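Student: I am new to this structure, and I would like to go through it slowly with someone who can explain the terms. Could we begin by looking at it together?

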Amino acid sequence: MSDIRMAFRKAVNKAKLSEDEQKHVQKCFICNDEFKDPRLLTCYHTFCLDCIKEYIEANCKGDSFKCPLCKTETKLPENGPDEFDKNCFVGDVRAGEGGDRKDKQSCDICGDKSRAASFCYECNQKLCKFCVTFHEKLQTTKDHNVAGLDDAGVRKVKRKPKCPAHEKNELQYFCEECKELICIDCNMTTHKLHKSRDVIEVAEEFRRDLATEINKDEYFQHLEALSDYSKNSKKKRNANEGKEDKLMTSVEAQLEAFQKILNDIKLDFISEISDNGMASDNEEKDGKNTMERRFKSFAAIYFFSKFLLDQGDDTTVVSHTVNLRQRLETLSADDANKNNNASAGGIFFEPGKLDKALLRELFGKLHDPFTKEDNKIGENNERKNESDGKPVFLVKFDCPPGDCVISGIAPTDNEMAWVCIGAEATVHLFSPEGKCEQTVKFSHALDDVTFMSGRGYVTSNGANKVRTVDATGRKTVYTKAEMCVRGIAADKSKNIIIVGCVENDVFFDIKPGDISSIIHIEKEKGITSTPLGRDVPYPARLCLDKKGNIIISDWVEQAVILQDAKGNTVTCYKGDKHNNGEKANFNPRGICVDENGNIYVVDIESDTIQMLDSSGKYQKDVLNKDDGLESPWSIACDASSRLWIGSQNGTIMIFSLSRATTKSENADDGRRATSSRSGGSSRNHSWNDNNKSGSSTPDQRGISGNKSRSETGSKRNSRNNNSGGSSGSNDSRK
């Protein structure tokens, strides 16, 4: 047995793979059956020819596709899948492997009289030495893949590939400089100045190197770990079978307990209301500090004055007038004015803020003993973040189809969020728990998404259009642009959609002198455009703060740019954490604003979420890899102060800002308690969402990228109470 074969067996034995597992990995991943005409992709994964043809037909975009198994981008051969190399090491026929197969070692052409010496994969036939000679000379079969068969029937692949430049020559040499096989003519011409070696010599060396490589501990440990994970996944599926009813019963029981507690709270409020009402009755009975008493007091003096005027003699009028005027003025100021809101008097109920994520945590958790990694991340981060005021981890979930860039996220006004998968031309509507409520497919690639008036607004940079989608999945074209539309945000207080426009849909195609602009789409007034200066060449992502400022993530300048309502640049942050204006290693993507005006930006250079203050100055890194972040790309902040973070690999993580703030504030209050007392306060979050529905389609004549700034000056000066958007891209290059 060769060194390579021994090394493979050794690795398999070390990894403790069962026979079933070894057989399973030698089946086609698509059809899960034995290989039929197996073809090898450039990533070294093998599939049946018919299977890979069907997969390519359904998934190939342009001249490349992703491997069904590892998702590696694979270039489609010029003449189609048939040109993929045949994998001669797997297939339907395995002559002689695993036992005595002498009865099957006869030539399929000559019959039982001749012993088979070779096997042709294309013809699916065993051949004797005589038949092989003719087989290799015939024009139709000379290029077939033929494997030799030893006495035990084990295949020995013996290919004789021809040189693509000199079709009659076999590839007999290996050019060490170009790392490719060459023929004798190539060796004497185009490669004559390069060092080359005989293929036989190089093959022996490569065999030894490969045998050493695959026998490394790290490889079989990784193989064993994957095997264990696969087994645990199967155990998990088996363990969960039949548990659904029990789980639902437990959830229903918890719901009843929850409802009982809520009912007790309601009864407490009713009791308090009743007690307060009785106190008011007692006050009226005692005649103390009631509105009726004040009314009678003022009315008595008022009417005494009136009677005095009508019936009093001169001396009586003179003796009382000065004092009466003083009394009337005093009672009018002290009594009537203090109670001019009597209709709003008495106690009233102020509803508390219902945070679904916090209520869910109080309700309970689902524990999975087989996959504890995400729980550990959450528990460790929560303990750590509660002490340092960092955002608190809430949940992590996958977004279909998986392994994709989440290019934009837009929270709605009902705890949900639209999630944009740009390259897949798809948007999903997710709950904060990770449940997908709606999926909508578009016809062109998408880029970014925002939300306003019950609709998601999506930019389609491939079609130069802004489209809308509602919770029912209904789609409309909102407007068409003359330029490529990228980042999008909503001014909800004015019902205005704001879009960043550029000349090229990919930022590395931007040339000096290319035009960019910010356009405003308003229901009543149509569309206006504001050209941007050279310092903002690529407004890929936008968000708005409550002051009317536009914050731009520019992917060409690699900067976060804050512009005021008049379009003037206020600050430009380029990753310098010392705030001295210098350029640092910084590559911004998604961007959003919280209720306090803090700016959050995704930096894909360091895989961090950085926080800037409302003026655009760096404050701190709020999240990083230690918090479980993996290749973050897009970000959004919802009305419950939760950060939604989308990644480049199809996962979404949600963190709570309000809980981190509360923990931090409580710690500060504790430290200040020895020097001062402060009353309890509640933070009321006011978010002015316009919930009006309807298809507010603006002027459909198109968006001009070259209109003057003066056309929108008055609109931008009056912008207030805005909310931010978030963002990403179709792929990691755009």
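What follows is a set of questions and answers on salt bridges, surface patches, backbone details and contacts.

Tutor: Before the questions, please note that this is a predicted model, in which local features need pLDDT of at least 70 and side-chain atom pairs count only at pLDDT 80 or more, while totals for chains, interfaces and linings use all residues. Residues are numbered from 1 along each chain as its sequence is written, and side-chain values use heavy atoms, with hydrogens and water left out.

Student: How many salt bridges are found in a search of the whole structure?

Tutor: A salt bridge is counted when a side-chain nitrogen of Lys or Arg lies within 4 Å of a carboxyl oxygen of Asp or Glu. With that rule, the search of the whole structure gives a count of 24.

Student: How far apart are the closest N and O atoms of Arg-486 and Asp-447?

Tutor: These two residues form a salt bridge. The pair links distant parts of the chain, since Arg-486 is in strand E24 and Asp-447 is in the loop between strand E19 (436–441) and strand E20 (449–452), 39 residues apart; strands (E, at least two residues) and helices (H or I, at least four) are DSSP runs numbered from the N terminus. The closest N and O atoms of Arg-486 and Asp-447 are separated by 2.4 Å.

Student: Is Arg-486 buried or exposed?

Tutor: The classes rest on relative accessible area, with buried meaning under 20%, exposed over 50% and partly exposed in between (1.4 Å probe, protein chains only). Its partner Asp-447 has a relative accessible area of 0% and is buried. Arg-486 also has a relative accessible area of 0%, so this residue is buried.

Student: Which residues are linked with Arg-197 and Glu-205 in a network of salt bridges?

Tutor: Glu-205 and Arg-197 form a salt bridge themselves, with their closest N and O atoms 2.8 Å apart. Glu-205 is partly exposed at a relative accessible area of 26%, whereas Arg-197 is buried at 15%. The network links these two with Glu-176, Lys-195 and Glu-201.

Student: What is the N to O distance in the salt bridge of Lys-36 and Asp-33?

Tutor: Lys-36 is partly exposed, with a relative accessible area of 45%, and Asp-33 counts as partly exposed at 37%. Their side chains meet in a salt bridge with an N to O distance of 3.7 Å.

Student: Which residues form a positive surface patch?

Tutor: Patches are made of residues with over 30% relative accessible area and no salt bridge, where like charges are joined within 9 Å and nonpolar side chains (Val, Leu, Ile, Met, Phe, Trp, Tyr) within 5 Å. One member of the positive patch, Lys-66, lies in strand E3 (residues 64–66) and is partly exposed at 37% relative accessibility. The patch is formed by Lys-61, Lys-66, Lys-71 and Lys-441.

Student: What is the area of the nonpolar surface patch that includes Phe-269?

Tutor: Phe-269 lies in helix H8 (residues 244–286) and is partly exposed, with a relative accessible area of 38%. The patch also includes Ile-261, Leu-262, Ile-265, Ile-273, Ile-347 and Phe-349. Accessible areas come from the Shrake-Rupley method with a 1.4 Å probe, and for residues only the protein chains shown count as cover. The area of this patch is about 690 Å².

Student: What is the phi of Asn-495?

Tutor: Asn-495 lies in the loop between strand E24 (484–491) and strand E25 (496–502), and is buried with a relative accessible area of 17%. Although Asn-495 is a residue other than glycine, its phi has a positive value, near 60°.

Student: Where is Pro-401, whose peptide bond from Pro-400 is cis?

Tutor: The peptide bond from Pro-400 to Pro-401 has an omega near 10°. Pro-401 is found in the loop between strand E15 (392–398) and strand E16 (408–411).

Student: What separates the C-alpha atoms of Phe-35 and Cys-48 in space?

Tutor: Phe-35 is found in the loop between helix H2 (19–24) and strand E1 (38–40), and is buried with a relative accessible area of 5%. Phe-35 and Cys-48 are 13 residues apart along the chain, and their C-alpha atoms are separated by 5.4 Å.

Key:
Lys and Arg count as positive and Asp and Glu as negative; His and the chain ends are not counted. The place of a charge is taken as NZ of Lys, CZ of Arg, CG of Asp or CD of Glu.
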